[in-house]
Amino acid sequence: MGSEHKNVTPAVQAANRSNSADSTGPTTDSGKEKSKMNAFKSGKYARRPDPVELLLNGHSEEEEAERDHLRADVIRRYQPPDAFAQQRAEELADLQLELRRLERAKEAIGRRERELLELEQRRRAFRLKQGGLAAGAKEVHEVGLLNLPDSPGKFREMLRTLRSFLDQDWNGGDIEPFLNRLYGKDAVAWRGMRLRWAVADYLKAENQEDVERARQNFVLEVEREIEQVREELAICELEQGPLSPAGQATRLLEVMGSRKWSWVRHQENFLLQSIDRKV
């Protein structure tokens, strides 16, 4: 079955032209900018615009002047003999302009990456200086400082508790809550058991000689534990504190493998190859 063709009168054609003139989309600069986002969806189907693409879209007045200067320079240098050759020369100048714009984009992205790294360094330094303990008293009592996630605050609190054993007199009954604070109320791990055994020996001591021997053994175990916690604190500060120059360089290299840098490298290679072909 063939399609049916309707006769369109001149009046209908004029009306159609009038309607289409009113439906050409936004005409102002702000309206055009907003309309660029019409194709983006929301939710899981959303496509976020690439920051590099947004940076490179459109030319400023300065860049248009730079394009004119580059075109004039290329034409002066190559002296194209005809219109086709002049067009090719202008295309070469346009590619050179895009390469310059890409270099400026790389510099801007690099500056931003260094700013983000500096922010990370400041956060690390602040956390290291603050050194607070994130866990509550109940959690500390239940699981013990040792079993909390590693942090400078955790190890500093352990050191304060351990040093208190050396700075004051104690007896076996008074020290048990502090051992629970260090290793947990129901700790079964080997860490801390030697301290508990020393306390148990003290409580079982039947004479002054056994009491002194148990006390000395406890002090030795405390000093051994203090040395271990000091080393753990030093390692934690290196891991969670500000990055060293080598660490900062490594972090920037990791960033260089991101999507936006991959896009930049792809564009740069494309422009360089295009310029080589034009030349």
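These are my notebook entries on a predicted model of a single chain.

**Entry 1: overall make-up**

I started with the secondary structure. The chain has twelve helices and zero strands. Reading along the sequence, I get α-α-α-α-α-α-α-α-α-α-α-α. Next I pulled the burial figure: 29% of the 279 residues count as buried. I also looked up how far apart in sequence the contacting residues are. Taking contacts with a separation of 6 or more, 68% are between residues 24 or more positions apart. The exposed surface comes to about 19,400 Å², and 52% of that is supplied by carbon and sulfur atoms.

**Entry 2: nonpolar cores**

Which residues have the most contacts inside the largest nonpolar core? I found L162, F165 and F218, in a core of 22 residues. I then checked which elements feed it. Two or more residues each come from α7 (152–167), α8 (172–183), α9 (193–204) and α10 (208–240). Helix α10 gives the largest share, six residues. There is also a second, separate core, with 14 residues. L97, L102, W261 and I275 are among its members.

**Entry 3: aromatic rings around F165**

F165 had already turned up in the core list, so I searched for ring pairs next. The whole structure gives two aromatic pairs. In one of them, F165 and F178 sit edge-to-face, at 6.3 Å centre to centre and 85° between the planes. F165 is in helix α7 and F178 in helix α8, 13 residues apart, and the pair links distant parts of the chain. Is each partner buried or partly exposed? F165 comes out buried at 6% relative accessibility, while F178 is partly exposed at 38%.

The other pair is F165 with F218, and I have it down as tilted: 5.6 Å between centres, 55° between planes. Here F165 is in helix α7 and F218 in helix α10, so this pair ties together parts that are 53 residues apart in sequence. Both F165 and F218 are buried. Putting the ring pairs together, I get a cluster of F165, F178 and F218.

**Entry 4: salt bridges**

My count for salt bridges came to 31. I went through a few of them by hand.

R191 and E232 came up with an N to O distance of 3.1 Å. R191 is in the loop between α8 and α9, and E232 is in helix α10, so the bridge ties together parts 41 residues apart in sequence. I looked up the burial of both ends. R191 has 17% relative accessibility and counts as buried. E232, at 21%, counts as partly exposed. The two fall into separate classes because the cut-off for buried is under 20%.

E221 and R224 form a salt bridge at 3.2 Å, N to O. What separates these two along helix α10? They are three residues apart, which puts about one helical turn between them. Their burial is worth a note: E221 is buried at 7% relative accessibility, and R224 is partly exposed at 46%.

E91 and R88 were the next pair I opened, with their closest N and O atoms 3.8 Å apart. This salt bridge is also within a helix: E91 and R88 are three residues apart in α5 (residues 83–130), about one helical turn. Both ends are partly exposed, E91 at 26% relative accessibility and R88 at 38%.

I also asked which residues join up beyond simple pairs. One network of salt bridges links E63, E66, E98, R100, R101 and R104.

**Entry 5: a buried lysine**

Last lookup: K154, in helix α7. Is K154 buried or exposed? Its relative accessible area is 2%, so I noted it as buried. I then wanted to know what its side chain meets. The side chain of D150 joins it in a polar contact of 2.8 Å.

**Entry 6: where the threads meet**

Going back over my notes, I see α10 in several places. Helix α10 gives six residues to the largest core, holds the E221 and R224 bridge, and carries E232, the partner of R191. F218, too, is in helix α10. Helix α7 recurs as well, with K154 and F165 both in it.

Definitions and conventions:
Residues numbered from 1 in each chain as written. Predicted model: local features only at pLDDT ≥ 70, side-chain atom pairs only at ≥ 80, totals over all residues. Heavy atoms only, no water. Core = buried A, V, L, I, M, F, W, Y, C linked by side-chain atoms within 4.5 Å. Buried < 20%, exposed > 50% of the residue type's maximum accessible area, 1.4 Å probe, protein only. Helix = DSSP H or I, 4+ residues; strand = E, 2+ residues; numbered from the N terminus. Contact = heavy atoms within 4.5 Å. Areas by Shrake-Rupley, 256 points an atom, 1.4 Å probe, with all protein chains shown as cover. Salt bridge = Lys/Arg side-chain N within 4 Å of Asp/Glu carboxyl O. Polar contact = N/O pair within 3.5 Å; in protein donor to acceptor, adjacent residues only side chain to side chain. Phe/Tyr/Trp six-rings, centres within 6.5 Å; stacked < 30°, edge-to-face > 60°.
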